[in-house]
Amino acid sequence: MHPLTAGRILSKRHVSRSWYFHSFRNLFTDKRGWTISTSSTCWCSYKDVNRGSGGISTCFVGRSKSKFSPITVNRRLSTTGTISLSGKNAADIKTISGGIELRTDNDLLTLPFIWLRDHCRCQICYNYKTNQKKVENLDCDLSIEPRSVEYDGVQLSLIWPDDHKTTFETDWLLSHVFHSGYKKKVPFFLWNKDVMTANPPPRIGYEDHMNTSMALKRSIFNILKFGYTIVTQVPLTIEDTREVIEKVSPVSRTLFGEMWSFTSDEARGDTAYTNIALGAHTDASYYNIPAGIQVFHCLEHDGSGGETLLLDGFNAAERLQKIDPAAFDILTRTVIPHEYIEPGHNFHSLGTVLTQHPTTGEMLNIRFNPYDRAPLYTVPPDKVQEFYRAYQALSTEIKNKDNEFWIKLEPGMVLFIDNWRVLHGRAAFTGKRVITGCYLSRDDLMSTARVLQIL
Ligand SMILES: C[N+](C)(C)CCCC[C@H](N)C(=O)O
Ligand SMILES: O=C(O)CCC(=O)C(=O)O
């Protein structure tokens, strides 16, 4: 147990802005040698408070429930109970219940005080070496209020009842607080067949992708914007393919291993290992967190057919939301199972077909693989028909030829597909066809995107 969170007995009324806690800080660091010196209400645990006269009170600070030491605190009575607002742009802030509203050039931010106190990025509260919070703030007074707020248009500064000072840059607030005007750095470019035919993502040459950060950024940018990208002129080996991929992200290990290659030899118990056509689907639906990216590189094909189908699942979902909101809603709420079973493997997942971003409501993931659906035990009988109706409504969008974009993967073309968004399929084929590739985790891709400052 953390020494400062042990023995927390104080009721909230004692932790208010009418108490001045500065002297606590010295006591904690000097006498106990405790490293936390925030001295804020968030960190103090009190056994009792005896109001003394003349503004002096005695209370008990506990290290554990059984061990308390008496100390003295200066009691500062709040004079007005109001929060002073100052600064060149004070007119842009307004106190509201439990927080402030901050008007910036284009947004109106609502900033709860508890949020502002918890997100303090001063050296005491935040470790800039590890990029981690130093304090848990789990005892923070939920109704904490600052004594004063200052805003100059660039920085917002707050002084808390214990004299702790918190300063934020407006830009930092804009990109971290909940607000409806949040803008994605790389918005989705939703497409159907015609839109994609007219605006395909630029293809990146192997040498550029491998050697210039501009080109690598463009490859990743394409995945975020269009849901896929293609690197051309890649040497026809698994090792070279892996090197191209590892510029983007480490290769994930799945039930198919790391780098796999497949052909129509039925080596595994999945229709991918045949030469029959496969309708649009996402892969790894039987993982609770489906693979983020699917990579394909056709190393050889000496027959006909085998074209690759790409289809923007977010565009299909968005259209469904417009024309059949009830179906869309059912698919975002109904958890269904998927599975992959073959000797030595038995994968089973639960998840919704459509998942939206929890704050923006934008599409986050489509999990659509009619082939790998498991028996539907998650839907009560009286809801079964409406689920099938919704699933069929989505599949009508997915089967719509106007949404299908077909390409022929030629040897040397490495295709990265956002498996959370873009569905893929293939036409039946003849002859020998060998495809290598792998899966990547979406978190790894996003991490690279942030490091390269694309996000
Ligand atoms: C890509 N590779 C051939 C290795 C595996 C194919 C797995 C296909 C599976 N039905 C799924 O949807 O995940
Ligand atoms: O063979 C192909 O081009 C694609 C196979 C496929 O859809 C898969 O492996 O999931």
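Two strands count as paired here if DSSP finds at least two bridges between them. With that in hand, let's walk through this predicted model.

**The overall picture**

The chain has 455 residues, and 33% of them are buried. Its secondary structure comes to eleven helices and 26 strands. Contacts with a separation of 6 or more are mostly long-range: residues 24 or more positions apart account for 71% of them. The chain splits into domain 1 (12-74), domain 2 (84-176) and domain 3 (193-451). Between the C-alpha centres of domain 2 and domain 3 there are 42 Å.

**Strands S5, S6 and S7**

Start with S6, residues 99-103. Arginine 103 of this strand stands opposite leucine 108 in S7. S6 and S7 (residues 108-112) run antiparallel and are joined by five bridges; they make a hairpin with four residues between them.

On its other pairing, S6 is joined by four bridges to S5 (residues 93-96), again running antiparallel. One pair to look at is threonine 95, whose bridge partner in S6 is isoleucine 100. The S5 and S6 hairpin has two residues between the strands, and glycine 98 in this hairpin takes a positive phi near 75°.

In a regular strand, side chains alternate between the two faces of the sheet. S6 shows that nicely: Ile100 and Leu102 point to one face and are buried, while Gly99, Glu101 and Arg103 point to the other and are not.

**The four-stranded sheet**

Now for an open sheet of four strands, in the order S16-S25-S18-S23 with antiparallel pairing. The edges are S16 (278-281) and S23 (405-407); each has a single partner strand, so one side of each is left without a neighbour in the sheet. On average, neighbouring strands are turned by 20° against each other, direction ignored.

What packs on this sheet? Helix H8 (residues 313-323) does, touching S18 (308-312) and S25, with its direction at about 45° to that of S18.

S25 (residues 422-426) pairs with S16 in the antiparallel sense over two bridges. S25 and S18 also pair antiparallel, over five bridges. Four of the five residues of S25 are buried, so the strand is largely enclosed by the rest of the structure. Here are some residue pairings that involve S25:

| Residue | Opposite residue in S25 |
|---|---|
| Leucine 278 | Arginine 426 |
| Histidine 281 | Histidine 424 |
| Leucine 311 | Leucine 423 |

**The two ligands**

Several of those residues turn up again around the ligands. Ligand 2 is surrounded by Ala272, Leu278, Asp283, Thr308, His424, Arg426 and Ile435. By class, that shell has three nonpolar, two polar and two charged residues. So which residues sit around ligand 1? They are Phe256, Trp260, Phe262, Asp270, Ala272, His281, Asp283, Ala284, Asn369 and Asp372. This shell has five nonpolar, two polar and three charged residues. Ala272 and Asp283 appear in both lists. His281 of the ligand 1 shell is bridged to histidine 424, which is among the residues around ligand 2.

**Some single residues**

Two residues have a positive phi although neither is a glycine. Asparagine 131 has a phi of about 55°, and glutamine 453 has one of about 60°. Where do they sit, and are they buried or exposed? Asparagine 131 lies in the loop between S8 (126-127) and S9 (132-133). It has 7 C-beta neighbours inside 10 Å and so counts as exposed. Glutamine 453 is in the segment after helix H11 (442-451). Glutamine 453 has 8 C-beta neighbours inside 10 Å, so it too counts as exposed.

Cysteine 125 is in another loop, the one between helix H2 (113-118) and S8. With 19 other C-beta atoms within 10 Å, cysteine 125 is partly exposed, because a buried residue needs 20 or more. Cysteine 125 and alanine 198 are 73 residues apart in sequence, and their C-alpha atoms are 51 Å apart in space.

Technical notes:
Residues numbered from 1 in each chain as written. Chains lettered and ligands numbered in written order. Predicted model: local features only at pLDDT ≥ 70, side-chain atom pairs only at ≥ 80, totals over all residues. Domains from an automatic or database assignment. Axes fitted to C-alpha atoms, helices over the stretch in contact; angles between N-to-C directions. Contact = placed C-beta atoms within 7 Å. Buried ≥ 20, exposed ≤ 12 C-beta atoms within 10 Å, placed from the backbone. Near = placed C-beta within 6 Å. Nonpolar A, V, L, I, M, F, W, Y, C, P; charged D, E, K, R; others polar.
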